[in-house]
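Please look through the structure below together with the explanation that follows. The paragraphs take up backbone geometry, packing, strand pairing and ligand surroundings in turn.

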Amino acid sequence: MTAQLNPRGDVAVLVPAAGAGVRLGPGAPKALRPLAGEPLLVHAVRRIAAAPSVHTIVVAAPAADVEAVRGMLASVAPVTVVAGGAERQASVAAALAAVPVGPEIVLVHDAARALTPPELVESVAEAVRAGHDAVIPVLPVVDTIKEVDAGELVLGTVDRSALRAVQTPQGFRRSVLAAAHVAASDPLTDDAGLVEKQGVSVVCVPGSEYALKVTRPFDLALAEHLLTTGA
Ligand SMILES: Nc1ccn([C@@H]2O[C@H](COP(=O)(O)OP(=O)(O)OP(=O)(O)O)[C@@H](O)[C@H]2O)c(=O)n1
Ligand SMILES: C[C@](O)(CO)[C@H](O)COP(=O)(O)O
């Protein structure tokens with residue numbers, strides 16, 4: 001059944017999905033690769049659409065696959081599909097340009113984080129609604145972290161208590177994200193990094209283990225296991 005978005009919602013979600021997936025290995029663009037029988041992107045969009053505040057979803061698809069992605073998502077949720085760019089930042093900028101007048105909170109969410117629960121979409125949006133210009137979901141770093149030189153010689157042990165692993169969706173006041181993209185020079189893979197460069201304070205909220213990014217083959221196997229076991 002096709003999900004309905006909330007016409008009175010205040011949140012637009014941009015879904016960059018135009019990456020190749022080089023680290024996943026040869027094959028179709030990553031967002032279009034199957035996870036338990038459906039493309040990663042379908043899983044991601046279904047969960048975004050289940051978040052009650054979402055008014056608009058814009059997907060940035062690989063340029064050659066825009067029509068295929070429209071077809072793939074037609075029965076999932078009402079989405080706008082645009083062509084992405086060569087860098088993630090260009091894909092986000094293309095999606096941002098397609099957001100209609102209305103939503104004043106914009107979330108940017110990797111298609112690759114296909115199992116992200118709707119509750120995380122809501123908690124990030126709520127933190128922006130509460131007055132923060134930029135909000136990122138994070139997890140504590142659980143491994144010991146070493147700094148090394150070019151020859152893999154350990155230089156020292158980093159204090160991990162002040163480190164966080166960053167996820168998406170990342171949430172922004174719309175004008176803040178738009179200004180950061182206008183001002184952007186070198187491409188970054190992280191929108192929070194763009195707004196930091198503008199001197200904007202970025203606030204952390206608790207992330208979710210389920211928002212793992214499918215990057216390497218092990219991540220895909222883990223996501224498949226989580227889905228098929230109902231974990
Ligand atoms: N030119 C790009 C590059 C990335 N992305 C998207 O940004 C998200 C996060 O990127 P990542 O997981 O690093 O994906 P890829 O760039 O595809 O991965 P790789 O670096 O292994 O090729 C993904 O949903 C990806 O599709 C995008 O829309 N446009
Ligand atoms: C935005 C991001 O998902 C935050 O963790 C990440 O930066 C995406 O890209 P990367 O190429 O894997 O760093």
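Ala-36 is partly exposed, because 13 other C-beta atoms lie within 10 Å, a count between the limit of 12 or fewer for exposed residues and that of 20 or more for buried ones. In this predicted model, Ala-36 sits in the loop between strand 2 (34-35) and strand 3. Its phi is near 50 degrees, a positive value in a residue other than glycine. Glu-152 also has a positive phi, near 65 degrees, and lies in the loop between strand 8 (145-148) and strand 9 (154-158). Glu-152 counts as exposed because it has 7 C-beta neighbours inside 10 Å. A further backbone feature is the cis peptide bond from Thr-168 to Pro-169, with omega near 10 degrees. Pro-169 belongs to the loop between strand 10 (164-166) and strand 11 (170-173). As a general background, most residues other than glycine have a negative phi, and most peptide bonds are trans.

The packing of the interior comes next. The largest nonpolar core contains 66 residues. Those with the most contacts inside this core are Leu-14, Val-15, Leu-41, Val-45, Ile-57 and Val-59. Helix 1 (residues 40-49) gives the most to the core, with 7 residues. Leaving aside neighbours within four places in sequence, Val-45 is in contact with Val-15, Ile-57 and Val-59, and also with Leu-73, Val-76, Ala-77 and Val-79. In soluble globular proteins, nonpolar side chains tend to be buried together.

Helix 2 (residues 66-73) has the buried residues Val-69, Met-72 and Leu-73. These three are on the same side of helix 2 because they cover an arc of only 85 degrees around the axis. The face turned away from that buried side carries Glu-67 and Gly-71, which are exposed. Which elements cover the buried residues of helix 2? The cover includes helix 1 and three strands, namely strand 3 (38-39), strand 4 (54-61) and strand 5 (80-83).

Strand 6 (residues 105-108) has buried residues pointing both ways: Ile-105 and Leu-107 point one way, Val-106 and Val-108 the other. In a regular strand the side chains alternate between the two faces of the sheet. Strand 6 runs parallel to strand 1 (residues 11-16), and 4 bridges join the two. In this pairing, Val-11 stands opposite Ile-105. Strand 6 is also joined to strand 11 by 4 bridges, and these two strands run antiparallel. Here Val-106 of strand 6 stands opposite Phe-172 in strand 11.

The ligands remain. Around ligand 1 there are 22 residues, of which Pro-16, Gly-19, Val-22, Arg-23 and Ser-91 come nearest. By character, the shell of ligand 1 divides into 10 nonpolar, 6 polar and 6 charged residues. How many residues of each kind make up the shell around ligand 2? That shell has 1 nonpolar, 4 polar and 3 charged residues. The residues around ligand 2 are Asp-110, Val-166, Gln-167, Thr-168, Thr-189, Asp-190, Lys-213 and Thr-215. One of them, Thr-168, is also the residue from which the cis peptide bond leads to Pro-169.

Note on methods
Residues are numbered from 1 along each chain as its sequence is written. Chains are lettered from A and ligands numbered from 1 in the order in which they are written. This is a predicted model: local features need pLDDT of at least 70, side-chain atom pairs count only at pLDDT 80 or more; totals for chains, interfaces and linings use all residues. A residue is near a molecule or strand if its C-beta atom, placed from the backbone, lies within 6 Å of it. Ala, Val, Leu, Ile, Met, Phe, Trp, Tyr, Cys and Pro count as nonpolar, Asp, Glu, Lys and Arg as charged, and the others, Gly among them, as polar. A nonpolar core is a set of buried Ala, Val, Leu, Ile, Met, Phe, Trp, Tyr and Cys residues joined through C-beta atoms within 7 Å. Two residues are in contact if their C-beta atoms, placed from the backbone, lie within 7 Å. The arc is that of the directions from the helix axis to the C-beta atoms. Two strands pair if DSSP finds at least two bridges between them.
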